[in-house]
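The following exercises concern a single molecular structure. Please examine the sequence and the model before attempting them.

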Amino acid sequence: MYPVNLILDDKPCLVIGGGKVAYRKVKGLLAANAAVTVLAPILEEQLILLKKAGKIRWLDKIYTEGDITNYALVICATDSEKINQAAAIEAKSKKILINIVDCLPLCDFAVPAVIRRGDLLVTSSTNGKSPAMAREIRRELEKILDVGYAPFIEILALLREEAMQAIPTFRQREVFWRDILNEDVLMLVRNGRLKEAEDKIRNAISSFRS
Ligand SMILES: C[C@@]1(CC(=O)O)C2=NC(=C\c3[nH]c(c(CCC(=O)O)c3CC(=O)O)Cc3[nH]c(c(CC(=O)O)c3CCC(=O)O)/C=C3\N/C(=C\2)[C@@H](CCC(=O)O)[C@]3(C)CC(=O)O)/[C@H]1CCC(=O)O
Ligand SMILES: NC(=O)c1ccc[n+]([C@@H]2O[C@H](COP(=O)([O-])OP(=O)(O)OC[C@H]3O[C@@H](n4cnc5c(N)ncnc54)[C@H](O)[C@@H]3O)[C@@H](O)[C@H]2O)c1
């Protein structure tokens, strides 16, 4: 397995099936700002709410060959192995990335367990060996990944621009960031002292200018 973070903003993504697993995958796609279509004859309650809120498009039908067209990515989450395999064949023939929720060997990608802290993304997976364990690892990591990291990453994005201006070479910037993002700074963030963490980094950038 080779990890990548797909950029799906506003890209058309299809989820086939309208049950519990489909709902979990839809939530993940919406968190990535994808334009989600759900194809299923029946939607479970949470998906109906998303449909009513205008968050997803619903194609009220069973899957038939030809339904997979012009999507950036497809997830097939029906309870029918036969349908899941047919969808896999169609997607592959059209070179569209597909995930089949009950058959890793037919997948182009597997979905990991996910923690989001703003733009910080941490994922856990087990190559399909134990999704339950991927979930537990996610729950463990959630305990230590502070919610303060989300605003801190926004601050870091600005400071990074400043560092680009002030610190001339890539090598120097590499050393700078490895040195400054130390346990002291992370402790300030975890204690909600974001401004102090920011000031510490900005002062270090300034010392390069002088
Ligand atoms: C991580 C997570 C992401 C997500 O779905 O969002 C995810 N499964 C989650 C939960 C979960 N799934 C299952 C259980 C019940 C306990 C158990 O069986 O372990 C639980 C636990 C629970 O729900 O408590 C059952 C299950 N899952 C798959 C099969 C089919 C098979 O194994 O062939 C079956 C058997 C169905 C049956 O028995 O009929 C297959 C896949 N599930 C994957 C991902 C991919 C591999 C990930 C990896 O590398 O580990 C892969 C290959 C395909 C895919 O879906 O991409 C999400 C946790 C989210 C979170 O909580 O953070
Ligand atoms: N990968 C995972 O994370 C994971 C986890 C648990 C279960 N599973 C597997 O996922 C599958 C679905 O589980 P679930 O709990 O969501 O089931 P579910 O019964 O809640 O939902 C199945 C959905 O598929 C739809 N469907 C059936 N035939 C269809 C067709 N021809 N076209 C379109 N939609 C169709 C149904 O209308 C229903 O909405 C099961 O096979 C299960 O083994 C996968």
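Three exercises with worked solutions follow, based on a predicted model.

**Exercise 1.** Determine which residues of the shell around ligand 1 are closest, and which helix supplies the largest share of that shell.

*Solution.* Begin with the shell itself: 21 residues surround ligand 1, and V111, A113, S125, P131 and A132 are the closest. Next, consider the helices. At least two shell residues come from each of α1 (20-31) and α4 (131-144). The largest share, five residues, belongs to α4. Finally, sort the shell by class: ten residues are nonpolar, seven are polar and four are charged.

**Exercise 2.** Classify K27 as buried, partly exposed or exposed.

*Solution.* First locate the residue: K27 lies in helix α1. Then apply the neighbour count. A residue with 20 or more other C-beta atoms within 10 Å is buried, and one with 12 or fewer is exposed. K27 has 15 C-beta neighbours inside 10 Å and therefore counts as partly exposed. As a further reference point, 12 Å separates the C-alpha atoms of K27 and T37, which are ten residues apart along the chain.

**Exercise 3.** Describe how helix α7 packs against helix α8.

*Solution.* Two quantities are required: the angle between the axes of the packed helices and the distance between those axes. For α7 (residues 183-190) and α8 (residues 194-209), the angle is about 155 degrees and the axes are 7 Å apart. Because angles over 145 degrees count as roughly antiparallel, α7 is roughly antiparallel to α8. The contact involves V185, L188 and V189 of α7, together with L194, E196, A197, K200 and I201 of α8. By class, this contact has six nonpolar, no polar and two charged residues.

How values were computed:
Residues are numbered from 1 along each chain as its sequence is written. Chains are lettered from A and ligands numbered from 1 in the order in which they are written. This is a predicted model: local features need pLDDT of at least 70, side-chain atom pairs count only at pLDDT 80 or more; totals for chains, interfaces and linings use all residues. A residue is near a molecule or strand if its C-beta atom, placed from the backbone, lies within 6 Å of it. Helices (H or I, at least four residues) and strands (E, at least two) are DSSP runs, numbered from the N terminus. Ala, Val, Leu, Ile, Met, Phe, Trp, Tyr, Cys and Pro count as nonpolar, Asp, Glu, Lys and Arg as charged, and the others, Gly among them, as polar. Axes are lines fitted to C-alpha atoms, for helices over the stretch in contact, and angles run from 0 to 180 degrees between N-to-C directions. Angles under 35 degrees count as roughly parallel, over 145 as roughly antiparallel, 65 to 115 as roughly perpendicular and the rest as oblique. Two residues are in contact if their C-beta atoms, placed from the backbone, lie within 7 Å.
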